[in-house]
Amino acid sequence: MSTRLWHPFSDMAAVDGHEFVVDRGEGPWVFDEAGQRYLDGCASLWYANIGHGRQELAEVAMAQMGKLEAYSCFADIANRPALELADRLAGLAPVDDAKVFFGSGGADAIDTAVKLARGYWQARGEHQRVHVVSRETGYHGTHGYGTSITGIPPNREGWGVLAGENTVAPLHDLDGVEKVFAEVGPERIAAFVIEPVTGAGGVHLPVEGYIEGVAELCRRHGVLLIIDAVIAGFGRLGTWFGIERFGVRPDMITFAKGVTSGYLPLGGVIAAGDVAAPWWTTPGERTLRHGPTYSGHPTACAVGLATLDIYEREGLIPRGQELENPLFEALAPLTSHPYVHEVRAGFGFLAAVELEQDVLDGVPDAPNVLLRAVRKAGVLVRGLGKGVAVSPPLVVGQEEIDLLARAIRSGLEDLP
Ligand code: PLP
């Protein structure tokens with residue numbers, strides 16, 4: 001029977017009638033409707049950091065819904081979970097005098113951050129600062145700005161003219177970034193947007209000095225630095241926001257995914273007090289004419305608070321760093337497989353296995369063929385442009401990491 005459900009990022013003509021229906025989850029495992037168990041090797045879409053099926057969070061959501069399911073935070077209205085979660089996140093983030101703006105996911109966090117950067121410069125009279133720089137392989141969601149600034153060309157193509165003036169800088173080449181700044185004119189650049197480790201763009205690990213160098217370049221030219229921690233945050237790199245590992249204090253951080261571990265949709269921007277100042281300093285001077293209906297949604301924020309409690313209580317945040325070497329060691333032997341071009345792992349609890357070009361040329365849609373072969377071996381991974389990515393929940397141990405590596409090897413053996 002034909003489906004009515006239009007899946008994101010999918011070839012519906014191929015998917016229609018062949019859906020893989022996930023039915024329930026428990027810790028790092030999920031089960032299909034026939035009761036078959038799979039290791040969630042990718043934390044769903046890089047978010048199920050605390051694992052699935054936590055009744056505690058269902059109870060928190062139920063209690064909050066029973067009391068006040070939702071109420072908008074426009075103008076002077078607030079709710080206690082949103083106030084408390086903003087305080088908690090502001091206290092954890094490496095951002096000076098932080099203010100927290102909530103939305104419902106990563107893409108709207110990016111749109112908010114870029115608009116705040118542009119509004120900040122307009123308010124300060126630097127009207128020419130509208131240009132946004134991002135970097136190759138960067139994925140920043142699929143809303144207006146995220147589509148404009150993405151460093152993944154197929155995500156930008158096919159939409160006609162996009163929002164804003166943007167340039168994509170080279171992935172690992174700091175001199176190349178300086179060149180972009182010089183070509184655009186640093187006085188015209190509003191912000192640089194960057195993931196500490198690119199996720200959806202292929203899991204590209206940081207090269208020595210690049211992020212720190214970008215931060216220094218931004219500081220030198222007064223460009224606002226926006227760290228997209230939508231994947232990197234909440235333990236994935238072993239810290240709260242990923243960027244702590246580089247000793248950098250950005251002007252804004254975008255977050256989503258792990259803040260609730262996906263139990264409810266939530267995301268937002270943590271902005272430095274200086275960035276927020278044009279809208280916070282003098283009553284009557286300026287209203288922020290931006291914000292979604294569900295900003296500060298009390299049930300989502302209550303679940304966010306309870307998720308942070310779990311991270312702290314179970315010591316899950318450092319796990320992303322503790323597990324990076326075990327993951328590297330389990331996957332590194334795949335490098336010698338004739339179909340494998342490269343394994344990228346060893347910084348944070350995420351990795352990519354990239355296929356050789358002749359496999360990509362010879363097997364139509366090879367990454368998705370591989371992920372289905374790995375699924376047959378009992379593990380869910382995510383297809384990327386040139387291979388598969390893994391980013392298991394932070395609750396797994398060595399046994400699950402070994403299973404993951406075995407299943408990828410078995411999937412490679414199954415490739416036509
Ligand atoms: N930014 C990054 C780094 C992401 O990985 C994603 C999603 O994967 C987004 C932004 C967009 O988040 P969402 O899909 O919640 O809109």
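These questions and answers cover a sheet, two unusual phi values and a nonpolar core in a predicted model. Local features need pLDDT of at least 70 and side-chain atom pairs count only at pLDDT 80 or more, while totals for chains, interfaces and linings use all residues. Residues are numbered from 1 along each chain as its sequence is written.

Q: Which strands are the edge strands of the open sheet?
A: Strands here are DSSP runs of E with at least two residues, helices are runs of H or I with at least four, and both are numbered from the N terminus. Two strands pair if DSSP finds at least two bridges between them. The order in this open sheet of seven strands is β4-β10-β9-β8-β7-β5-β6, with mixed pairing. Pairing on one side only marks the edge strands, β4 (99-103) and β6 (166-169).

Q: In which sense do β7 and β8 pair, parallel or antiparallel?
A: Strand β7 spans residues 189-194 and strand β8 spans 224-228. Ile194 stands opposite Ile227 in β8. Over four bridges, the sense of β7 and β8 is parallel.

Q: What angle does the direction of helix α9 make with that of β7?
A: Helix α9 (residues 210-221) packs on the sheet and touches β7 and β8. Contact means C-beta atoms, placed from the backbone, within 7 Å. Axes are lines fitted to C-alpha atoms, for helices over the stretch in contact, and angles run from 0 to 180 degrees between N-to-C directions. For α9 and β7 the angle is about 165°.

Q: Is Phe234 buried or exposed?
A: Phe234 sits in the loop between β8 and β9 (252-255). Its phi is positive, about 55°, although it is not a glycine. A residue is buried if 20 or more other C-beta atoms, placed from the backbone, lie within 10 Å of its own, exposed if 12 or fewer, and partly exposed in between. Phe234 has 30 other C-beta atoms within 10 Å, so it is buried.

Q: Is Phe9 buried or exposed?
A: Phe9 lies in the segment before α1 (12-15). Its phi is near 45°, a positive value in a residue other than glycine. With 9 other C-beta atoms within 10 Å, Phe9 is exposed.

Q: Where does the largest nonpolar core lie?
A: A nonpolar core joins buried Ala, Val, Leu, Ile, Met, Phe, Trp, Tyr and Cys residues through C-beta atoms within 7 Å. Of its 129 residues, Met252 and Ile270 touch the most other members. Helix α5 (residues 106-123) gives the most, nine residues. Residues come from both assigned domains (bounds from an automatic or database assignment), so the core lies between domain 1 (12-53 + 318-414) and domain 2 (58-313).

Methods
Two residues are in contact if their C-beta atoms, placed from the backbone, lie within 7 Å.
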